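Okay, thanks for coming, everyone. Have a look at what I'm putting up on the screen, and then I'll talk you through how the pieces touch.

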Amino acid sequence: MLRSLLEFSGINPLRLRMSWVSASEGKKFADVITEITKALQEIGPQQSYLREAI
Amino acid sequence: MDVLILQKDSIKDFLSSLSTDYLLWAPIEKDGDTLFQPLLDCNNNSPDLAHQAIIIKHSIFPQTEPLYSYDQNDQIQAPDAQDIKQNILFGVRPCDARSFSLLDPVFKGDVPDPYYLARRNKALLIGMACTKPFANCFCTSVGGNPCGQEGLDLLCTDLGDRYLVAVLSEKGKEIINKTSSLFIAAPAEEIKQGAELAQNAERSMKRRIDLAGVTDTLGRIFENPVWKKMALKCIGCGICTYTCPTCYCFDMQDEPMAKKRGRRVRVWDSCMYKEYTLHASGHNPRPTRVERLKNRIYHKFKFNVDTFGTFGCVGCGRCITLCPVNEDIIENLLAVKGAA
Amino acid sequence: MMNPYLPEKATILEIRQETNGARPIRTFKVALQNGQALNQKPGQCAMVGILRVGESMISIASSPTQSEYLEFSIMKLGKVTTALHDCEAGETITLRGPYGNGFPIAAWKGKNIVTIGGGIGQAPLRPIVQYILDNRDDFEQFDIIYGARSAGDLCYKAELFELEKRNDLKVHLSIDMADPDWKRFVGFVPNNVLRIKPSPENTIAITCGPPVMIKYVIHNLLELGFSEQQIFTTLENRMKCGIGKCGRCNVGNFYVCKDGPVFDYATLKNLPEF
Amino acid sequence: MSVQKLKDEAARALGRKDVKYLIGYKKGSYGFRVSPAFIEPKEDIEQLIISPLCNMSLVKYVMMEETLPGLTEQAMKPSKIAIVARGCDSRAINLLIEEKGVPRDKLYIIGVSCKGVIDQRKIEALFPQVTEPAEVTEENGNYIISFQGESHTVPKEELLAELCKVCQYPTPLIYDKLIGDKLPARPANYDDIAAFEALPVEERLAYWQQQFTKCVRCYACRNVCPLCYSTICSLDSLSPQWLRRSVDTSENFMFQIIRTFHLAGRCIGCGECERVCPMNLPLMKLNRKLEKDAKELFGYESGKDPKAKSLLTTFHTEDPQGFIL
């Protein structure tokens with residue numbers, strides 16, 4: 001529900017990813033992290049709702 | 001001081017000629033509400049002078065103001081007062097203008113506040129007289145006037161197709177000299193018409209209350225149970241204090257940012273919030289809404305009188321209009337008088 | 001125009017653990033990095049802060065006569081105090097002040113002085129002790145009455161045990177609950193006051209500590225014949241600006257940060273119960 | 001819906017030994033306003049009203065009853081609060097009971113079946129700057145509005161609050177006494193949300209950024225919500241500090257998303273947050289989006305039955321997993 005609320009308010013849904021990884025699944029954990037990092041690099045830095053820079 | 005005439009259809013040129021070297025603020029209509037905001041391009045959006053702007057004090061006392069920032073090796077740097085532009089606040093109601101002169105003694109005093117005063121000294125107020133007061137205005141009951149001149153540099157009165165413009169200060173005169181081609185001297189009968197409009201504006205005030213002696217009454221009824229009944233319906237939100245032009249309470253917090261940088265920021269706060277007086281030990285001298293509402297009324301109608309000699313209220317009626325649960329300060333003051 | 005919100009930087013010279021337990025108290029000895037003294041009056045406070053965390057108002061626990069450093073006794077309670085307790089000697093903190101009216105100690109010359117402290121309440125009283133010791137002959141008899149819940153909760157123990165040995169002042173320590181190796185009085189501070197019976201004759205009494213203790217101490221002092229002008233105490237409130245602007249620390253018409261924290265009982269009595 | 005019947009029920013309620021006071025509506029201090037009324041036994045019942053102007057929810061006050069320090073327990077003796085509840089209010093009460101926020105036997109509920117309330121902004125736009133208190137009654141599809149000696153008839157559709165147009169349960173779902181005849185429940189309708197969802201992400205982003213810029217963080221939307229009753233709210237906590245106090249679009253976005261999400265699967269659509277917002281933010285749009293998700297993803301409607309299990313704290317094997325990759 002959180003994902004759909006963020007999407008509803010204009011955040012690109014690909015920025016939020018949830019997956020179940022048990023402590024023993026080391027490889028899956030690494031894969032999930034690399035996937036989300038690659039996806040984020042494609043989308044580029046978050047421009048919306050940026051905090052005021054000093 | 002002289003009184004001039006400005007045709008309504010030359011308001012646009014008046015504002016755009018000023019916008020070259022002044023930052024213009026004006027009440028602007030935005031999907032049903034009137035917000036007091038910088039008027040960036042005067043050609044295609046004009047000020048909404050028919051309604052009451054929800055909040056105006058942020059133009060001089062901003063809701064969020066960085067006090068100083070610091071970099072990763074703790075070098076502290078405060079903003080430079082020079083880079084605050086000269087502001088013109090256009091379409092300010094007489095009560096709002098008066099509210100700034102009620103804020104001044106707080107921020108001047110023995111330890112002057114450089115942030116507020118930097119903006120205040122660079123603000124020029126062009127007022128719009130209230131020929132038709134709003135539903136909950138009661139400025140005449142707290143020493144104000146719908147066409148009052150206190151705190152204003154120019155005061156415009158709407159005569160229909162043109163404005164009667166009274167010049168009230170040197171700064172006001174400067175503005176007129178800069179745009180003198182748009183003005184003509186006001187003939188006598190229009191000045192009289194302006195005065196008549198002012199009188200029947202005063203007569204047409206819909207809400208009044210006689211506040212004589214309320215300060216002494218407050219001095220006696222501190223433990224009176226009237227306060228409990230009054231505060232039962234208050235939900236302790238910040239609407240009345242944030243929209244009130246004479247409320248100035250603020251909080252200061254540190255805000256760390258990326259790369260070990262950070263800043264210390266001043267933000268509006270409200271005495272109606274529980275955390276406002278909550279001690280780190282958990283003790284709260286004003287634990288419930290009863291003490292908080294009582295403190296708000298004491299502050300405006302007793303403490304401000306004791307300290308600065310005037311009520312801390314200009315009777316603009318916003319706290320009555322915008323309160324979600326109809327907590328009506330006039331009704332509360334009547335209850336105070338009744339409990340004497 | 002001077003910016004009252006800009007802090008000065010200070011270095012923590014030394015940290016002394018006063019008490020342990022859930023709410024430990026540590027005394028921080030700090031010195032301003034610009035080498036200046038704050039030249040505060042006893043009873044004044046300062047805004048102690050850490051960049052990126054925040055500031056909190058702490059009473060200055062050292063006397064102006066010790067001008068090369070400042071001491072603050074801080075109990076670990078909120079966000080800022082917890083961060084302070086995580087600091088080590090040598091780190092940088094920020095200081096603003098001095099704030100508040102402080103004790104009118106100059107006016108007390110030639111009088112007997114009685115300080116009555118409870119728990120961390122001894123911190124604001126400590127500058128009085130130090131000031132009187134440094135100007136001993138300006139003052140007549142000097143009694144220090146101080147108590148805490150248990151021996152472990154007493155601050156400045158080493159110092160006070162030393163002072164007990166002196167003959168030009170009397171120290172009356174007490175703890176609330178009995179403790180086998182505690183030889184001195186056991187009981188609440190207000191009862192200790194009744195036991196010692198300081199004479200109200202040409203005497204000033206100053207009390208700081210938990211509000212309930214202050215209430216009974218003042219009650220007992222009045223019974224002993226003290227007048228309202230002879231009794232002083234300090235008030236605590238949440239503070240942010242320290243200069244009477246942000247509006248929150250008001251008790252009635254007074255701002256505790258500017259018009260206080262020190263009030264004599266005559267003024268305090270008429271303040272509404274805020 | 002006769003006011004007299006409400007007054008009789010209220011008198012009976014206050015006559016009971018176990019009711020300490022009644023929360024109802026009374027005439028407001030000016031124009032089209034209505035005010036909450038706290039009536040103690042033996043106090044005047046006549047001030048009670050029920051009319052299409054009663055557009056605020058009173059359930060908030062059930063959870064706000066701070067025991068004042070120094071007041072003896074006797075003054076706050078553990079007994080019932082009587083409350084006037086409309087359809088949506090009753091769903092809020094169900095939710096409170098379900099979440100153990102308030103025990104059922106602490107409330108004596110006078111249910112009022114509700115044909116919809118007036119949107120304050122709409123009626124004040126139609127009749128601006130009315131100071132003298134006004135009366136409004138509803139007769140066969142029109143509102144009869146009388147003030148300052150004049151009387152106006154306005155079709156109901158023009159002034160009805162938007163939320164009342166999609167209201168599902170006009171008749172209270174839980175009550176001790178019911179006033180007014182039972183009105184049939186209506187199916188949910190989320191067309192407005194579906195329409196907004198269809199917009200491209202940039203347009204949605206621009207819309208919400210513009211709205212969140214207006215927010216002044218007065219916290220009225222949280223303080224007025226009947227379901228926001230935590231003693232320490234995460235929005236106020238300092239350690240850890242989830243939210244900064246500075247008021248800018250970024251922090252306001254965090255504020256609204258945190259607040260809205262804490263109502264996921266709980267919000268019962270009374271619309272108070274939107275009604276009270278001084279800056280007129282469309283907050284119910286966010287809540288109804290979550291309401292629509294709860295219905296479509298989990299077939300769940302909040303506040304229908306006090307014994308139901310709350311949505312996000314119960315797990316069913318057939319819950320959708322689509323969002324977990």
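I'll go through the contacts between chains, and then the domains of one chain.

Quick housekeeping: this is a predicted model, so local features need pLDDT of at least 70, side-chain atom pairs count only at pLDDT 80 or more, and totals for chains, interfaces and linings use all residues. Residues are numbered from 1 along each chain as its sequence is written, with chains lettered from A and ligands numbered from 1 in the order in which they are written.

So, which two chains share the most contacts? Of the five pairs of chains that touch, it's B and D. By contact I mean two residues whose C-beta atoms, placed from the backbone, lie within 7 Å. Chain D puts in 34 residues and chain B 35 residues. On the chain D side, β2 (34-39) and α8 (220-224) are the elements giving two or more residues, and β2(D) has the largest share, with four residues. Helices here are DSSP runs of H or I, at least four residues, and strands are runs of E, at least two, numbered from the N terminus.

Chains A and C, on the other hand, make no contact, and their closest C-alpha atoms are 14 Å apart.

Now inside chain D. We've got domain 1 (3-179) and domain 2 (191-313), with bounds from an automatic or database domain assignment. Their centres, over C-alpha atoms, sit 24 Å apart. In chain D, 22 residues of domain 1 are in contact with 19 residues of domain 2. Helix α2 (residues 87-98) of chain D gives the largest share of the domain 1 side, eight residues.
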